[in-house]
Amino acid sequence: MKALILVGGYGTRLRPLTLSLPKPLVPFANLPIVMHQFIQVEALHKAGVDHVVLAVNYRAEIMEDEMRAHAERLGIKISISQEKEPLGTAGPLKLAESILKDGEPFFVLNSDVICRFPFKELLAFHKLHGREGTILVTKVEEPSKYGVVVSDKETGRIHRFAEKPQVYVGNRINAGLYIFNPEILDRIELRPTSIENEIFPAMADSNNLYAMDLPGFWMDIGQPPDYLRGLVLYLDSVQETNSNMLATSQENFEVVGPCILSWVDFLCASLTLSFQHPTAKIGAGCKIGPHVVVGPNAFVQEGCRIQRSAIFDSVEVKAHAWIHSTIIGWKSSVGAWARLEGVTVLGEDVSVKDEIYLNGARVLPHKSIKENVPEPAIIM
């Protein structure tokens with residue numbers, strides 16, 4: 001079996017981080033976003049997948065170099081399908097038709113979705129109803145903000161899609177994870193095409209599309225507020241299922257709630273991945289958490305308070321800084337007694353001087369911040 005991952009485009013919603021790396025390679029819990037799907041390699045193997053296709057249209061050479069380095073360890077063949085122009089969410093399937101059309105169902109995954117990836121269960125449900133496609137759906141509290149999937153509660157057969165309904169018609173939305181029979185490829189032309197707006201409605205009209213509920217947490221982490229929400233959900237899930245991966249308080253600093261700060265190996269089939277890094281250093285008197293990830297070679301000096309934040313590779317946070325709801329990009333530094341909050345995002349190699357206050361700032365790479373930013377702003 002095959003699986004196609006929609007690596008896709010420019011990642012503009014996650015800037016300034018994607019100015020340095022393609023979105024699938026941006027770290028999430030100390031791993032590239034796309035690797036969280038490969039962590040489920042054991043589940044993929046159990047579902048019969050032995051070949052993964054990465055559909056790429058932006059900075060493909062970086063993606064290829066990174067993923068081929070993992071291919072042997074993963075025990076799965078990896079192919080790159082490069083788009084000459086953006087092809088939307090359906091066109092990439094047609095472009096990879098020669099690989100995908102082998103008579104077997106294939107999975108399609110969006111690269112910036114974080115969940116538990118129930119591949120085996122999805123395959124079993126898909127084979128049970130025997131139709132052309134199955135999409136995973138997830139429950140949301142405010143369905144009027146989304147496109148709602150209206151389906152039969154007993155069978156899962158999808159009747160229609162309601163875009164941002166103002167009257168309640170359901171609370172399940174497309175989770176961005178699918179399985180299809182090869183026949184879907186006959187519906188798609190090799191041009192920019194939306195699978196959600198052009199292909200799915202036609203499949204539903206012909207009774208060929210079914211929905212299965214996604215168990216557990218779900219988040220599309222393609223923009224900074226959702227990245228941080230996803231980090232909270234992910235760390236809570238790890239606490240429930242693999243709590244030995246999480247950091248604990250040490251003699252000289254305190255850890256509150258689920259956090260990733262130091263080295264524990266996670267084993268999955270033939271794959272060993274490091275979620276945590278012994279090279280991260282935490283100073284005396286710090287209080288870290290809940291929901292914090294500190295990356296390799298990072299140095300958090302004494303007396304810092306960090307909550308609900310991601311600290312990337314080689315970041316320095318100087319003494320007594322206060323950080324909440326913030327993403328700090330590679331090789332950046334935060335000054336002593338600085339305060340960062342409100343979904344502040346620092347790009348690569350940003351310097352924030354001592355005692356500076358940032359609230360909702362989005363700072364492009366290689367900038368030096370010497371003045372307060374009390375209201376959300378983009379610093380170019």
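This is a guided tour of a predicted model, stop by stop.

**Stop 1: the largest pocket**

Select Arg 13, Tyr 146, Asn 174, Trp 218 and Asp 220. Of the 50 residues that line the largest pocket, these lie nearest its centre. The space in this pocket comes to about 1500 Å³.

Now colour the lining by class. It holds 20 nonpolar, 16 polar and 14 charged residues.

Which elements supply the lining? Select β1 (2-8), β8 (133-139), β9 (147-151) and β10 (158-163); they are among the elements that each give at least two residues. Add β11 (172-180), α7 (195-205), β13 (218-220) and α8 (224-241), which are also on that list. Which element gives the most to the lining? Strand β11 does, with 5 residues.

**Stop 2: β8 and its partner β12**

Keep β8 selected and add β12, residues 209-213. The two strands pair in the parallel sense, over 5 bridges. For one of the contacts, pick Val 137: its bridge partner in β12 is Asp 213. Strand β12 is mostly covered, with 4 of its 5 residues buried.

**Stop 3: the approach to α6**

Go to β7 (113-115) and follow the loop that leads from there to α6. Select Cys 115 first. It is buried, at a relative accessible area of 5%. Then move to Phe 117, which lies in the loop. Its phi is positive, about 50°, although Phe 117 is not a glycine. Most residues other than glycine have a negative phi. Is Phe 117 buried or exposed? It counts as buried, because its relative accessible area of 2% is under the 20% cut-off.

**Stop 4: the two sides of α6**

Select helix α6, residues 119-129. Show the side chains of Phe 119, Leu 122, Leu 123, His 126 and His 129, which are buried. Look down the helix axis. The buried residues of α6 fall within an arc of 140°, so they line one face of the helix.

Turn to the face directed away from that buried side. It carries the exposed residues Lys 120, Lys 127 and Leu 128. Just after the helix comes Gly 130, with a positive phi of about 75°.

**Stop 5: the open sheet**

Next, bring up the sheet of 7 strands. Its order is β15-β20-β23-β26-β29-β32-β34. The sheet is open and the pairing is parallel. Strands of a sheet pair through backbone hydrogen bonds.

Which strands stand at the edges? They are β15 (259-260) and β34 (377-379). Each has a single partner strand, so one side of each is left without a neighbour in the sheet.

Zoom in on one pair inside that order. Strand β23 covers residues 309-311, and β26 covers residues 326-328. They pair in the parallel sense over 2 bridges. Ile 311 has Ile 328 of β26 as its bridge partner.

Step back to Arg 308, in the loop between β22 (305-307) and β23. Arg 308 is not a glycine, yet has a positive phi of about 50°. Its relative accessible area is 25%, so Arg 308 is partly exposed: the value falls between the 20% and 50% cut-offs.

**Stop 6: around β20**

Select Gly 295, in the loop between β20 (292-294) and β21 (299-300). Gly 295 is buried, at 0% relative accessibility. Now add Ile 260. It is 35 residues from Gly 295 along the chain, with 8.3 Å between their C-alpha atoms.

On the other side of β20, find Pro 290, in the loop between β19 (287-288) and β20. The peptide bond from Gly 289 to Pro 290 is cis, with omega near 5°. Most peptide bonds are trans.

A second cis bond runs from Arg 15 to Pro 16, with omega near 15°. Look for Pro 16 in the loop between β1 and β2 (27-28).

**Stop 7: the cysteines**

Last, search for disulfides. The whole structure has 0. Cys 286 is in no disulfide, and the nearest cysteine sulfur, that of Cys 304, is 4.7 Å away. The cut-off for a disulfide is 2.5 Å between the sulfur atoms, so this pair does not count as one. Cys 286 is buried, at 2% relative accessibility.

Methods. Residues numbered from 1 in each chain as written. Predicted model: local features only at pLDDT ≥ 70, side-chain atom pairs only at ≥ 80, totals over all residues. Heavy atoms only, no water. Buried < 20%, exposed > 50% of the residue type's maximum accessible area, 1.4 Å probe, protein only. 1 Å grid on protein atoms, 1.4 Å probe; cavity = no way out; pocket = protein on both sides within 12 Å on 5 of 7 lines; lining within 4 Å. Points joined across faces, edges and corners; volume = space filled by probe spheres on them. Nonpolar A, V, L, I, M, F, W, Y, C, P; charged D, E, K, R; others polar. Pairing = 2+ DSSP bridges. Arc of directions from axis to C-beta.
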